[in-house]
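Okay, thanks for coming, everyone. Let's put the model up on the screen and walk through it together.

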Amino acid sequence: MSIAIVGAGAIGGQLGVKLAHAGEQVTFIARGANLAAIKANGMRLVDEDGTAYHARNVRATSSMKEAGVHEIVMLTVKAHQVGPIAEDLRHMIGPDTIVLPLQNGIPWWYFTRGHGGVHAGTQLETADPGGLIARNLDPAQVIGTVVYPAAILTEPGVVEVVEGQRYGLGELDGSKSERVLKLAGRLTKAGFKAPVFEDIRAEIWLKLWGNLSFNPISALTHATLVDICQFPDTRALAQSMMEEAQAIANALGITFRVGIDRRIAGAEKVGAHKTSMLQDVEAGRAIELEALVGSVIELGRLTGTATPHIDTVYALMRLLSRSLERQNGRLAIQPG
């Protein structure tokens, strides 16, 4: 299959390299040093077990128009980066193209196809500011995705997987369509685990449960997942934030298939991993705050659910983000 990977970062690199290694035709949409590295040397991947992969025969370009229409378009950029490129994405999307958004947080399509109820059709400003994505992407072409792996772009064109090979899939209307089963098969062939869920929104919430708490706490404290989980005060804060999010999800008809203790234990098991938000703070990149935290607060207001702990952490992160942006800075703890 012809597969476009929009954003050749850690997750895009993991997917693209292994899919290319499995025989798929992969095109990376990248820019800057990363684009130059892929054009010169292909894309490299070091898996969690130490296995090295080198995808040499991949296309790489910064132009979506040049890339042309693909059978699958995987969006592996951060949530706040989708809106600005949404119009350009149409160059790669034909009538039968599958669009696979791989962003963390509440997705722009959440209240579209298959949702129903009193909130059907609601547009979340935090997920899609100004409605840019909704105007350019058709939810009928979207397959929902949950990203479980943790990976790092260690240098341009090189990705190291910390943990995980699992990508959850699901049609927005809950059907087990031929296209989602075929996609799951392609990912499985490439070495991934690709379960197909009837309620992809519930799986998104399960992932978000950890992201909305661990990501901002790590960015504020510069602690890894295992440190946050094993320090009593931050573990209690994460639990309180997760309890508030659970109340919102329940109000929207979502039932979690695991409890909070098990979700925290899963994060602790990942070990000394820096969350993506902490990595962004240290690198001076824009922080994925609205998709991971702001969207939950917006849903809290929509459902009339109080979120005092989430609100407090969100306020601290907004100020940190603004300070870093104003000073064009980055923040990291340096060894003494």
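Let me start with one residue: T224 counts as buried because its relative accessibility is 12%, where buried means under 20% relative accessible area, exposed over 50%, and partly exposed in between, with a 1.4 Å probe and protein chains only. You'll find T224 in the loop between α7 and α8. By the way, helices here are DSSP runs of H or I with at least four residues, strands are runs of E with at least two, and both are numbered from the N terminus. So what does T224 contact, leaving aside its neighbours within four places in sequence? The partners are G271, A272, H273 and K274, with contact meaning heavy atoms within 4.5 Å.

Before I go on, a word on what you're looking at. This is a predicted model, where local features need pLDDT of at least 70, side-chain atom pairs count only at pLDDT 80 or more, and totals for chains, interfaces and linings use all residues. Residues are numbered from 1 along each chain as its sequence is written, and side-chain values use heavy atoms, with hydrogens and water left out.

Now the overall picture. The protein has 13 helices and eleven strands. Its C-alpha trace spans about 55 × 50 × 35 Å along the principal axes. The radius of gyration is 19 Å, which agrees with the value near 20 Å for a compact globule of 336 residues; that radius is taken over C-alpha atoms, and the globule rule is 2.2 Å times the number of residues to the power 0.38. Of the 336 residues, 56% are buried. And if you take the contacts with a separation of 6 or more, 74% of them come from residues 24 or more positions apart.

What about the surface? The accessible surface comes to about 14,700 Å², and 50% of that belongs to carbon and sulfur atoms; areas come from the Shrake-Rupley method with a 1.4 Å probe, and for residues only the protein chains shown count as cover. On the charge side, there are 32 positive and 34 negative side chains, and the centres of the two sets lie 4 Å apart. Here Lys and Arg count as positive and Asp and Glu as negative, while His and the chain ends are not counted. Each charge is placed at NZ of Lys, CZ of Arg, CG of Asp or CD of Glu.

Okay, on to the inside. Which residues have the most contacts inside the largest nonpolar core? They are W205, W209, F214, L299 and I310, in a core of 46 residues. A nonpolar core, for us, is a set of buried Ala, Val, Leu, Ile, Met, Phe, Trp, Tyr and Cys residues joined through side-chain atoms within 4.5 Å. The elements giving two or more residues to this core are α7 (200–221), α8 (225–230), α9 (232–251), α10 (260–270), α11 (276–283), α12 (289–303) and α13 (308–326). Helix α7 gives the most, with nine residues. In soluble globular proteins, nonpolar side chains tend to be buried together.

Let's stay with α7 for a second. L208 is found in that helix, and L208 counts as buried because its relative accessibility is 0%. Not counting residues up to four places away in sequence, L208 touches G105, I106, A291, L292 and V296.

Next, F256, in the loop between α9 and α10. F256 is buried, with a relative accessible area of 11%. Setting aside neighbours within four places in sequence, F256 is in contact with W205, L206, W209, Q246, A249 and N250. The C-alpha atoms of F256 and E203 are separated by 8.2 Å, with their positions 53 residues apart along the chain.

Two backbone oddities now. H222 isn't a glycine, yet it has a positive phi of about 60 degrees. H222 sits in the loop between α7 and α8, and is buried at 18% relative accessible area. N328 isn't a glycine either, and its phi is positive at about 50 degrees. Is N328 buried or exposed? Exposed, with a relative accessible area of 73%, and its place is in the segment after α13.

Last stop, the strands. I29 is in β2 (residues 25–29) and is buried at 7% relative accessible area. R56, in the loop between β4 (52–55) and β5 (59–61), is exposed at 59%. The C-alpha atoms of R56 and I29 are separated by 15 Å.
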